[in-house]
Amino acid sequence: MDPEKSDEIHPRDYFKIINKHRGMVVTIMLVTFAVAAFGTFSVTPQYSASTKVMIENAGSNNLTDPRNYNPYDPEFYETQIQLIQSQQVARRVVDLLSLQKNYETFFPPEKGSSILQSFKTWLQQLKDSIINVLRSAFQQEKEMQQNAGPLRSRTDILAAEISSGLEVELVSGSRIFTISFTSANPEFAALIANTAAEAYIDTTLEMKMEATRRTLEWMTQKADQERQKLEKTEHELQSYMRSNNLVTLENRIAVIPEKLSLISTQLVKAQNNRERLEALYGKIKRVSRNSAAVESILGVTNGKTLQTLRDQILKAEQTVRELSNKFGSKHPAMIKAKGDLAILQSKKTQEIKRLIESVKNEYELAILDENSLKQQMEKVKAEAHNLNEKYIQYDVYKRETDTNRQLYDALLTKMKEQAIIGETQPVNLWIVEDARVPLAPFKPHKKVNLLIGLLLGLFSGIGLAFVVEYLDQTIQYPDETEAMLGIPVLGAVTLYKKNKHGPIETLMMDQPHSIIAENYRALRTSLLLSASEGLPRKILVTSAAAGAGKTTTSINLATALAQSGKKVVLIDGDMRKPQLHKHLGLNVTPGLSDYLAGMNDGGILQRTKLANLSVIVAGPVPPNPSELLMSERAKKLVEKLAIGHDFIICDSPPLQAVVDGRILSQRFDGTILVAR
C-alpha cells in the first residue's frame, strides 16, 4: 500500500463520515430544531415602536464668543441618550400617562393557566434561582444597602421598567435620534415611545430654565460681593496716594527709564573713547624714545598738520640737495635753504610735542567724562530705586483695584447676557416623526429562529460526528481495514444473533443456505482468487484480540472448502483455551499437545459429519505450548498433513495475548487476520 496515498483526504471521506453517523446527525438536528421551535413559539411576541427626534447642540449660548460653538460633540449626544433613558424622564412618562392607575388596562391579568404558561413560569423561576445562587456576596451586600431605604413606590417600579425598555440610537450621519420601546402590547409600545419624546423635551427645557435661574442667583450674589471689594480697594488706593504724595508718580517713573537709557548710551561712548585714548597714549609712552615711531603714530591719528610739515621738510631737503650740486655750503642760497630746513624740523618737533600733550589731555578729559557719567548713572539709579519702593505698594493697590473692577464688569455683562438668554431660551428639540402602532411583532423572528435552529442542529451534528470519528479508533468497515492496516479485505460476515439462529460456529453445516453461509462461501471464493498462482494450501487463521471470531471463521471456512470437494484438515492450534472440540462435539484426546509432547505418534485425526473434513483438536492443555509449537515435530506434522490433504486450516491464539500465533505463522503459507 502506498503510504502517501493513505494520507490523502478526499471530499468523499467527509461524506462517508457523515453517512456513517447519520443517525446521530439527524437526531441532534431534530432535537436542536425542536428546542428552537419550542423556544420561539413559547416566547410572548414583542412589538417595537419608534419615534424620531431631532436634537441640535446649541453650544454654550455664549453671546460674546460664538467661535467656541462646535456643532458635533460626541459627548453631547451620549449625554442626551443617557438623559432620555434616565429615571427622571421615565417618571415623567408615568405621570403624563397616569400609569399608576391605567397600567392594567394595557396588560390585563391572565385568566387561568395553560401547561405552556406554567412551564414558562417554571423556566423563569429556575433562571432567577440560578442567577441568585451565582451572584457574589459583594453584589448581594451592595443590593441590600441600596434597598435598605423605604420600599419603592409603584411609580418607581413602572419608571424602572420603562427606563430599561427604552432604546435610543443616533441615525448615522444626522442629528436625528430614534427612541424605541418594546412591549407585548403594540398600542402601549407606541404610546410610551411618543410620550418619552415629549417628556424628554419637557425635562430638557425645565433643566435649562432651572440652570439659568440658578446661574442668575449666583451671579447676583457674586456681583454684590465683587462690588464691595472694588469699593474697598479704591478707597485704599486713594489713601495711599495722598499719604505718599504720589499724584505725579507715574510721570516721574516714565521719565527715569529714558534718562537711564540716555546716560547709559553716553557712558558706553565715553568708555569706548577713554579706552581708545588710553591705548593711544600708552602706545606713545612705550615708544617715546623712538621719535620716528612717535611721529608715525601721531601721523596716523592726527596727520594733517604733521603731514604738511613733512611735505615741506621733504621739499626743503630736495632744495638743499639741488643747491648743493650748484653751490657751495657758504653760498647765501645754501645757507638760506638749510636755515629753512632747520626751521621746519624745529616746527615738526614742536608739533609732535603738542600732539603728545593733546593726546594726554584728551585721555585725562575722557577719564573725567566717564567718571562723571558713572556718578550720574548711580544717582539716577538711586532715584529709580527710591521710586520703585514707593511704587510697589502702589502697584499692589492698583492691580487689586483693576482686577476687582474687571471681575465686577464681567459679572455685570454675564448677568445681562443670562437675562436675555433666560427670556429667549431656545428649545433645540423637535419631534420629527411620531411612533405608529406596529402591526407585526418585532420578535421573535420565527422563520429566522427556525432556520438558525435547523442549521445549528445540522452543523452541530456534523461537528459531533467528526469528533466521534476522531475519537473512535475501532474498525467498522472493510475499507477502513484496508486503509488502516494496508492489507486486502477478503470478505465480511454479517452480524449474527446467536439466540435466534443457533450457534454460528457450525452454521455452514447446520444452515448451508443462510446468508452468513453465503458470506463464508464468498470468503472461500476470495481466497481462491487472491493469488495468481492459486490459494495457499496451509492457512493460519488468527486475530489481534480474543472474541474477534477466528475460531468461528476457521470452522466455517474449513467446512466451506470441504463442501467444495476439497480434502481439508482443521487444526486447533490454541492449546491454551481450546474450543474446536466443544463446537464440533469431538473428544479432547488424542490431540495436538499429545502428539507434540511425544505421547502419541499417530491417530490424532478425528472425523466429522463431512467426509472431506478432518480435525485435530488441541488436546490437554500443556504447561509449555510455545515450546511445543516451535519443535521439529510440529514442522514435520504440518508437512506430513500437506501430503494427504488439499488444505490445512489452523486456528491460533490471539496475537496480542501470546506468541503462539507468530510461531505458527512460520509453519503456514498464508495468514487470515480476523477483525471484528
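These legends walk through a few close-up views of a predicted model.

**View 1. The whole protein, to get your bearings.** Residue numbers start from 1 along each chain as its sequence is written, and hydrogens and water are left out of side-chain values, which use heavy atoms. Because this is a predicted model, local features need pLDDT of at least 70 and side-chain atom pairs count only at pLDDT 80 or more, while totals for chains, interfaces and linings use all residues. You'll find 25 helices and 10 strands here (DSSP runs numbered from the N terminus: H or I with at least four residues for helices, E with at least two for strands). Of the 676 residues, 34% count as buried (under 20% relative accessible area, with exposed being over 50% and partly exposed in between, using a 1.4 Å probe and protein chains only).

**View 2. A sheet of 4 strands.** This open sheet runs in the order 2-3-1-4, and its pairing is antiparallel (two strands pair if DSSP finds at least two bridges between them). At the edges sit strand 2 (166–170) and strand 4 (429–433), each pairing on one side only. Strand 1 (residues 47–55) joins strand 4 over 4 bridges in the antiparallel sense; look for Met54, whose bridge partner in strand 4 is Trp430.

**View 3. A helix across that sheet.** Helix 10 (residues 186–243) lies across strand 1, strand 2, strand 3 (176–183) and strand 4, and runs at about 20 degrees to strand 1 (axes are lines fitted to C-alpha atoms, for helices over the stretch in contact, and angles run from 0 to 180 degrees between N-to-C directions).

**View 4. A sheet of 6 strands.** Here the pairing is mixed, and the open sheet has the order 7-8-6-9-5-10. Its edge strands are strand 7 (606–607) and strand 10 (670–674), which each pair on one side only. Strand 5 (residues 538–543) pairs with strand 10 in the parallel sense over 5 bridges, and Val541 has Ile672 of strand 10 as its bridge partner. Helix 24 (residues 632–644) packs on this sheet, touching strand 5, strand 6 (568–572), strand 8 (613–616) and strand 9 (647–651). The direction of helix 24 makes about 140 degrees with that of strand 9.

**View 5. Arg521 and its surroundings.** Arg521 belongs to helix 19 (residues 515–528). With a relative accessible area of 17%, Arg521 is buried. Leaving aside neighbours within four places in sequence, Arg521 is in contact with Met508, Pro512, His513 and Gln563 (contact means heavy atoms within 4.5 Å).
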